[in-house]
Amino acid sequence: MQVFFSPLACSIVTRILLNETGLSADFARVDLHSKTLSEGENYLALNKKGKVPMLTLDDGASITDGTAIMCYLADQAPESGLLPAVGDTRRYQVLAWLGFIATELHKGVVWFQFHPAPPAEAKAFALTMLPTSLKLVEDTLEGQDFLTGSDFTVADAYLFWTLMILQHLEISIAEYPNLSAFFARCFARPSVSGAINTEKALIAA
């Protein structure tokens with residue numbers, strides 16, 4: 001397998017999950033501004049979406065959606081518990097959280113803050129929607145370690161990245177004690193801290 005990524009972008013979730021599962025993959029760095037690879041190749045020739053992550057499989061097939069990649073990797077290592085089996089109600093609870101994070105937090109808030117196209121008014125409006133979403137997650141985490149209970153899943157890895165980016169944007173989660181504890185709990189996992197340290201080192205190099 002090969003992962004196309006950009007350091008500390010949402011593609012870091014793929015690295016976290018590879019660490020969790022013990023699966024191996026090669027990594028190819030993408031410059032998201034120029035849409036080129038490290039050797040200058042045109043990334044759009046490989047992935048017309050121009051987004052990361054992209055996962056190419058040994059048979060030549062490609063998966064170009066982050067949440068689909070999360071599910072694929074988890075399904076390759078069912079013993080990891082990252083995504084319950086097909087038919088298990090808990091699987092669909094995890095999938096529901098993936099959809100929520102992707103639409104309400106990632107694309108609904110984070111994307112607006114980083115993308116140059118939306119006007120300042122749109123960026124500000126997106127931020128007004130954030131407290132409602134964070135309060136929902138805060139309430140969900142009351143009395144439990146992770147989004148669907150006691151097990152760390154692909155949705156938790158995705159939520160962690162979103163919270164990390166919000167704090168990078170100087171949006172504090174301190175007023176949400178359950179979210180703050182969740183963030184610290186995830187960061188304490190070697191799979192998470194290891195992925196962050198690896199990608200920070202790539203940026204610093």
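Trainee: Is Lys 35 buried, partly exposed or exposed?
Mentor: This is a predicted model, so the answer is a computed one. Lys 35 sits in the loop between strand 2 (26-31) and strand 3. Buried means under 20% relative accessible area, and exposed means over 50%. Lys 35 has 23% relative accessibility, so the class is partly exposed.

Trainee: What is the phi of Lys 35 near?
Mentor: Lys 35 is a residue other than glycine. Its phi is nevertheless positive. The value is near 60°.

Trainee: Which residue in the loop between helix 6 and helix 7 has a positive phi, although it is not a glycine?
Mentor: Look in the loop between helix 6 and helix 7. The phi there is about 65°. The residue is exposed, with a relative accessible area of 76%. It is Glu 170.

Trainee: Which residues does a cis peptide bond join?
Mentor: Check omega, which is about 0° at this bond. The proline of the pair lies in the loop between strand 3 (36-37) and strand 4 (54-56). The bond joins Val 52 and Pro 53.

Trainee: How are helix 1 and helix 6 set to each other?
Mentor: Helix 1 covers residues 12-21 and helix 6 covers residues 154-168. Their axes are 9 Å apart, at an angle of about 140°. Angles over 145 degrees would count as roughly antiparallel. This pair is therefore oblique.

Trainee: Which hand does the crossing of helix 1 and helix 6 have, and how many nonpolar residues are in the contact?
Mentor: The crossing is right-handed. From helix 1 come Ile 12, Val 13, Ile 16 and Leu 17, and they meet Val 154, Ala 157, Tyr 158 and Trp 161 in helix 6. By class, this contact has no polar and no charged residues, and the nonpolar count is eight.

Trainee: How are helix 6 and helix 7 set to each other?
Mentor: Their axes are 10 Å apart. The packing angle is about 110°. Angles of 65 to 115 degrees count as roughly perpendicular. Helix 6 and helix 7 are therefore roughly perpendicular.

Trainee: Is the crossing of helix 6 and helix 7 left-handed or right-handed?
Mentor: Helix 6 brings Asp 156, Leu 159, Phe 160, Leu 163, Met 164 and Gln 167 to this contact, where they meet Leu 179, Phe 182, Phe 183, Cys 186 and Phe 187 in helix 7. By class, that makes nine nonpolar, one polar and one charged residues. The crossing is left-handed.

Trainee: Why do the buried residues of helix 7 line one face, and what arc do they fall within?
Mentor: The buried residues are Asn 178, Leu 179, Phe 182, Phe 183 and Cys 186. Seen down the axis of helix 7, they line one face because they fall within an arc of 140°.

Trainee: Which helices do the buried residues of helix 7 pack against?
Mentor: Leu 179 and Phe 182 are among the helix 7 residues that meet helix 6. Helix 6 is thus one of the partners. The list is helix 5, helix 6 and helix 8 (190-204).

Trainee: Which helices do the buried residues of helix 5 pack against?
Mentor: Helix 5 spans residues 130-140, and its buried residues are Leu 130, Ser 133, Leu 134, Val 137 and Glu 138. They cover an arc of only 140° around the axis, which puts them on the same side of helix 5. An α-helix has 3.6 residues a turn, so residues three or four places apart point the same way. The partners are helix 3 (89-114), helix 4 (120-128), helix 6 and helix 7 (177-187).

Trainee: Which residues does Glu 104 touch, not counting residues up to four places away in sequence?
Mentor: Glu 104 lies in helix 3. At 38% relative accessibility, Glu 104 counts as partly exposed. Phe 27 is 77 residues away along the chain, with 29 Å between the C-alpha atoms. The residues touched are Val 109 and Ser 133.

Trainee: How far apart in space are Ala 195 and Asn 19, C-alpha to C-alpha?
Mentor: Ala 195 is in helix 8 and counts as buried, at 0% relative accessibility. Beyond its sequence neighbours within four places, Ala 195 is in contact with Ile 12, Arg 15, Ile 16, Asn 19 and Pro 190. Ala 195 and Asn 19 are 176 residues apart in sequence, yet their separation in space is 7.6 Å.

Notes. Residues are numbered from 1 along each chain as its sequence is written. This is a predicted model: local features need pLDDT of at least 70, side-chain atom pairs count only at pLDDT 80 or more; totals for chains, interfaces and linings use all residues. Side-chain values use heavy atoms; hydrogens and water are left out. Axes are lines fitted to C-alpha atoms, for helices over the stretch in contact, and angles run from 0 to 180 degrees between N-to-C directions. Helices (H or I, at least four residues) and strands (E, at least two) are DSSP runs, numbered from the N terminus. Angles under 35 degrees count as roughly parallel, over 145 as roughly antiparallel, 65 to 115 as roughly perpendicular and the rest as oblique. A crossing is left-handed if the near helix is turned anticlockwise from the far one by less than a right angle, and right-handed if clockwise. Contact means heavy atoms within 4.5 Å. Ala, Val, Leu, Ile, Met, Phe, Trp, Tyr, Cys and Pro count as nonpolar, Asp, Glu, Lys and Arg as charged, and the others, Gly among them, as polar. Buried means under 20% relative accessible area, exposed over 50%, partly exposed in between (1.4 Å probe, protein chains only). The arc is that of the directions from the helix axis to the C-beta atoms.
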